[in-house]
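Biologist: I have the sequence and the model open side by side, and I would like a close look at one single part. Could you walk me through it?

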Amino acid sequence: MRRRAGIGAVLLLLTGLGVHVVSTTQKGAFDSEQWKAQRGSGADKNPRVGMVVALKQHHLREGMSREDVHTLLGEPEQRRGTSEVYELGVSPVGVSYEYFIIDFDAQDRVTRFRVTRS
């Protein structure tokens with residue numbers, strides 16, 4: 001009986017820890033200076049990947065100017081036509097490399113943003 005109670009307590013603790021990690025990662029975890037500091041780093045454990053959800057939910061929005069995006073994220077690693085590409089590094093769930101792509105219209109306003117893998 002004690003063993004079951006111990007296992008239950010451990011599972012409860014791990015569940016609580018998991019919820020804390022997810023909520024911390026998703027809300028308020030975006031750090032503009034840390035994002036900018038990773039430019040060109042190519043790091044395996046690039047902290048940008050953990051910031052994407054918070055960035056998309058709380059900071060970046062359609063209609064935002066290119067200038068405001070650069071203030072928030074710094075200069076991109078690449079430009080592809082009207083899109084700008086920020087490297088996220090190696091995918092945490094595989095060997096793919098991930099990118100955060102922001103599309104702009106002719107007035108330099110954000111029209112779309114997304115994560116892609118190669």
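Leaving aside its neighbours within four places in sequence, which residues is Asp103 in contact with?

Modeller: Happy to, with one reminder before we start: this is a predicted model. Once the neighbours within four places in sequence are left aside, Asp103 is in contact with Thr82, Ser83, Arg109, Val110, Thr111, Arg112 and Arg114.

Let's put that list in its setting. Asp103 lies in strand E3, and E3 (residues 97-104) runs antiparallel to strand E4 (residues 110-117), to which 7 bridges join it. In E4, Arg112 is the bridge partner of Asp103, while Phe104 has Val110 as its bridge partner there. As general background, strands of a sheet pair through backbone hydrogen bonds, either parallel or antiparallel.

Now for the side chain. Asp103 has a relative accessible area of 9%; because that is under the 20% cut-off, the residue counts as buried. Two of its contacts are polar ones between side chains: Asp103 and Ser83 are joined at 2.5 Å, and Asp103 and Arg114 at 2.7 Å.

Next, follow the chain out of E3 into the turn. The hairpin of E3 and E4 has 5 residues between the strands, and Asp108 lies in this loop. Asp108 has a positive phi of about 60°, although it is not a glycine. With a relative accessible area of 35%, Asp108 is partly exposed, whereas Asp103 is buried.

Stepping back, the hairpin belongs to an open sheet of 4 strands in the order E1-E2-E3-E4, with antiparallel pairing. Strand E1 (78-80) and E4 stand at the edges with a single partner strand each, so one side of E1 and one side of E4 have no neighbour in the sheet. On average, neighbouring strands of this sheet are turned by 25° against each other, direction ignored.

Finally, two helices lie across these strands. Helix H3 (residues 48-59) lies across strand E2 (83-90), E3 and E4, and runs at about 135° to E2. Helix H4 (residues 66-73) lies across E1, E2, E3 and E4, running at about 20° to E2.

To pull the close-up together: Asp103 is a buried residue of strand E3, bridged to Arg112 in E4, with side-chain polar contacts to Ser83 and Arg114.

Technical notes:
Residues are numbered from 1 along each chain as its sequence is written. This is a predicted model: local features need pLDDT of at least 70, side-chain atom pairs count only at pLDDT 80 or more; totals for chains, interfaces and linings use all residues. Side-chain values use heavy atoms; hydrogens and water are left out. Two strands pair if DSSP finds at least two bridges between them. Buried means under 20% relative accessible area, exposed over 50%, partly exposed in between (1.4 Å probe, protein chains only). A polar contact is a pair of N or O atoms within 3.5 Å; within protein, one must be able to donate a hydrogen and the other to accept it, and residues adjacent in sequence count only if both atoms are side-chain atoms. Contact means heavy atoms within 4.5 Å. Axes are lines fitted to C-alpha atoms, for helices over the stretch in contact, and angles run from 0 to 180 degrees between N-to-C directions.
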